[in-house]
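Subject: Structure handover

Hello,

Here is the structure I promised to pass on. Please open it alongside this note, and follow the findings below as you turn it.

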Amino acid sequence: MEKINILWVDDEIDLLKPHLLFLREKGYDVETANNGHGALELLDDNIFDIIFLDEQMPGMSGIETLAKIKEKSSNLPVVMITKSEEESIMEDAIGSNIADYLIKPVNPNQILLSLKKTLENKKLVSEKTTFQYQQEFRNIGMEISNRLSFQEWIDVYKKIIGWELRLGTSQDEGMNEVLQMQKTEANLVFSKFVERNYIDWIHGKTDDRPIQSHNLIKEKIFPMLQDNRPTFVILIDNLRFDQWKVLQPTIEESFRVEEEDIYYSILPTTTQYARNSLFSGLLPTEIEKKYPKYWVNEDEEGSKNNCESELLGELLKRYGRDIKHAYYKVLNMSYGKKLVELMPNMMTNKLNVIVYNFVDMLSHARTEMEMIRELASDDKAYRSLTLSWFQHSPLLEIFRFLSEKNVNVVITTDHGSIRVNNPVKILGDRNTSSNLRYKTGKALKYERNEVFEVRNPADAFLPKVNVSSTFAFCRGDDFFAYPNNYNYYVNYYKDTFQHGGISMEEILVPFITLRNK
């Protein structure tokens with residue numbers, strides 16, 4: 001291991017010889033200075049890993065020296081040492097971005113602990129996290145192999161995402177690969193679980209069934225409408241649970257999370273089906289039958305989601321919820337900014353629904369734009385890009401406005417997405433749907449063991465474009481590819497984020513309830 005170079009700055013440096021000797025015996029190199037000017041000169045000619053800095057020095061004070069050090073090297077960690085416990089001095093030092101803060105007299109073990117905390121923290125945390133996951137790996141594997149309930153699958157998914165986020169800061173690439181292999185295995189078993197139970201769930205044939213898109217508002221939102229606070233439902237299109245987890249710390253600056261739940265999206269996990277179902281409280285063929293003017297089939301021209309507001313109104317009417325409500329859809333930054341200005345007007349509504357489309361646009365842009373593909377090269381980068389967008393978006397301003405009001409706030413979505421890697425061959429005619437994760441059409445040809453097929457769409461409350469229509473869904477990280485021009489097609493779509501099929505990332509989506517602090 002390379003030696004760590006320490007600069008210790010103190011006007012009484014001679015009194016610290018025992019500390020310096022202790023550190024040198026521990027294998028550290030230590031340079032000293034007895035004032036700020038001397039420290040800055042040494043900094044010009046040497047490379048240091050950390051600085052211990054006395055706060056109370058004659059001439060240039062520790063705080064002044066700290067400012068100069070940060071001008072020269074903004075990322076160099078500085079540990080402030082002082083005799084004073086005055087709060088204002090601590091605030092000045094912490095506001096100047098110090099790494100640690102020690103009160104005199106300090107003993108050698110305090111210094112050693114501060115060094116390890118500051119310089120080796122990431123390494124120690126990484127090693128501990130890797131060790132803990134190694135212990136947990138077998139437990140998760142055993143859980144996956146059991147016949148889990150829908151709630152147990154939610155718990156497993158939360159656990160896997162938790163480890164993915166923790167190992168994301170680890171330097172152990174091998175352990176990250178092991179986790180991804182376990183996640184892939186979990187997705188295949190989860191897909192089989194959904195296939196076995198999906199038809200029974202949506203037909204209500206079992207009491208042990210999850211909340212799904214078509215009963216989410218009835219089960220989760222309606223109870224909130226009973227109190228006297230306005231309810232704001234913010235649906236961030238295509239928001240996965242792991243993306244919620246990286247947004248959570250920013251949200252929690254203004255709110256506390258009252259409930260962190262997950263519900264099951266219906267199939268196909270796309271906006272046309274899942275979101276129309278969510279706002280209507282109905283399954284696709286029920287919408288088609290009851291409100292034909294609000295449903296657009298796969299083979300018909302036009303947007304498939306232009307009537308969400310009308311469907312929401314019909315849902316409220318069917319259940320006798322005669323309340324003042326409003327629906328807003330944000331498709332671009334300019335309308336997002338306009339919506340911030342409209343927020344005060346919404347306070348008289350009992351229910352406000354805001355659909356925010358950025359994450360969905362990001363996933364599609366990643367497929368089409370090379371620059372976005374490079375910025376979001378994997379799940380970790382995709383999460384990072386989502387967080388960066390959120391922290392500079394009008395949506396954050398909306399949350400800040402709501403945090404000062406006595407309101408119910410919900411964050412949810414209609415479906416997630418998965419990064420696809422494995423092509424599955426399929427044949428269909430020119431009228432076959434274009435989605436990469438599911439196909440519907442007549443005379444579809446595929447290997448039956450490679451897909452979840454619904455030979456009679458009515459069984460899954462899915463519309464038939466023609467008499468012989470079937471549906472085929474991809475599992476895990478598969479995606480459909482046509483044999484014609486196969487290699488070009490595969491190379492273009494491999495490693496892009498898609499949705500419509502069966503995976504934990506697409507189906508298990510967040511439902512978060514917030515309360516202002």
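Let's start with an open pocket. α7, α8 (173-202) and α17 (379-391) each supply at least two residues of the lining of the second largest pocket. The biggest contribution to that lining is from α8, with four residues. One thing to keep in mind throughout: this is a predicted model.

The second largest pocket holds about 300 Å³ of space. Its lining is made of 13 residues. Nearest the centre of the pocket lie E173, N176, Q180, D378 and K380. What classes of residue make up the lining of the second largest pocket? Eight are charged, four are polar and one is nonpolar.

Next, the closed space. A search of the whole structure turns up one cavity of 30 Å³ or more. The volume of the largest cavity is about 70 Å³. Its lining consists of L216, I217, I221, V233, L278, F279, L351, V353, T412 and F511. Three elements give two or more residues each to this lining: α9 (216-221), α11 (271-280) and β9 (351-356). The largest share, three residues, is from α9. By class, the lining of the largest cavity has nine nonpolar residues, one polar residue and no charged ones.

Now the helix pairs.

Take α7 and α10 to begin with. Helix α7 covers residues 150-167, and helix α10 covers residues 241-251. Their axes come within 10 Å and cross at roughly 55°. α7 and α10 are therefore oblique to each other. The crossing of α7 past α10 is right-handed. On the α7 side, the contact is made by Y157, K158, I161, E164 and L165. On the α10 side, F241, D242, K245 and V246 make the contact. This contact of α7 with α10 has five nonpolar and four charged residues, and no polar ones.

The second pair is α11 and α13. Helix α13 spans residues 308-318. The two helices pack at an angle of about 35°, and their axes are 7 Å apart. From α11, the contact takes in T271, R275, N276, L278, F279 and S280. From α13, the contact takes in E308, L311, L312, L315 and R318. By class, the contact of α11 with α13 counts five nonpolar, three polar and three charged residues. You have met two of the α11 residues already: L278 and F279 are also among those that line the largest cavity.

The third pair is α14 and α18. Helix α14 is residues 333-346, and helix α18 is residues 394-403. How are α14 and α18 set, roughly parallel or roughly perpendicular to each other? They pack at an angle of about 10°, with axes 9 Å apart. Angles under 35 degrees count as roughly parallel, and α14 and α18 are therefore roughly parallel to each other. α14 brings M333, G336, K337, L339, V340, M343 and P344 to the contact. α18 brings P394, E397, I398, F401 and L402. The contact of α14 with α18 divides into nine nonpolar residues, one polar and two charged.

Last, some backbone details. Most residues other than glycine have a negative phi, and most peptide bonds are trans. Three places here are worth a look.

- K104 and P105 are joined by a cis peptide bond, with omega about -5°. P105 sits in the loop between β5 (100-103) and α5 (108-119).
- The peptide bond from L267 to P268 is cis too, with omega near -10°. P268 sits in the loop between β7 (255-264) and α11.
- N238 has a phi near 75°, a positive value in a residue other than glycine. N238 is placed in the loop between β6 (231-236) and α10.

If you want a route through the model, begin at the second largest pocket, where α8 gives the most to the lining. Go on to the largest cavity, where α9 gives the largest share. Then take the helix pairs, and finish with the loops.

Best wishes

Definitions and conventions: Residues are numbered from 1 along each chain as its sequence is written. This is a predicted model: local features need pLDDT of at least 70, side-chain atom pairs count only at pLDDT 80 or more; totals for chains, interfaces and linings use all residues. Side-chain values use heavy atoms; hydrogens and water are left out. On a 1 Å grid over the protein atoms alone, a cavity is a set of points where a 1.4 Å probe fits but cannot get out, and a pocket is an open set with protein on both sides within 12 Å along at least five of seven lines; lining residues have an atom within 4 Å of a point. Grid points are joined across faces, edges and corners, and a volume is the space filled by probe spheres set on the points. Ala, Val, Leu, Ile, Met, Phe, Trp, Tyr, Cys and Pro count as nonpolar, Asp, Glu, Lys and Arg as charged, and the others, Gly among them, as polar. Axes are lines fitted to C-alpha atoms, for helices over the stretch in contact, and angles run from 0 to 180 degrees between N-to-C directions. Angles under 35 degrees count as roughly parallel, over 145 as roughly antiparallel, 65 to 115 as roughly perpendicular and the rest as oblique. A crossing is left-handed if the near helix is turned anticlockwise from the far one by less than a right angle, and right-handed if clockwise. Contact means heavy atoms within 4.5 Å.
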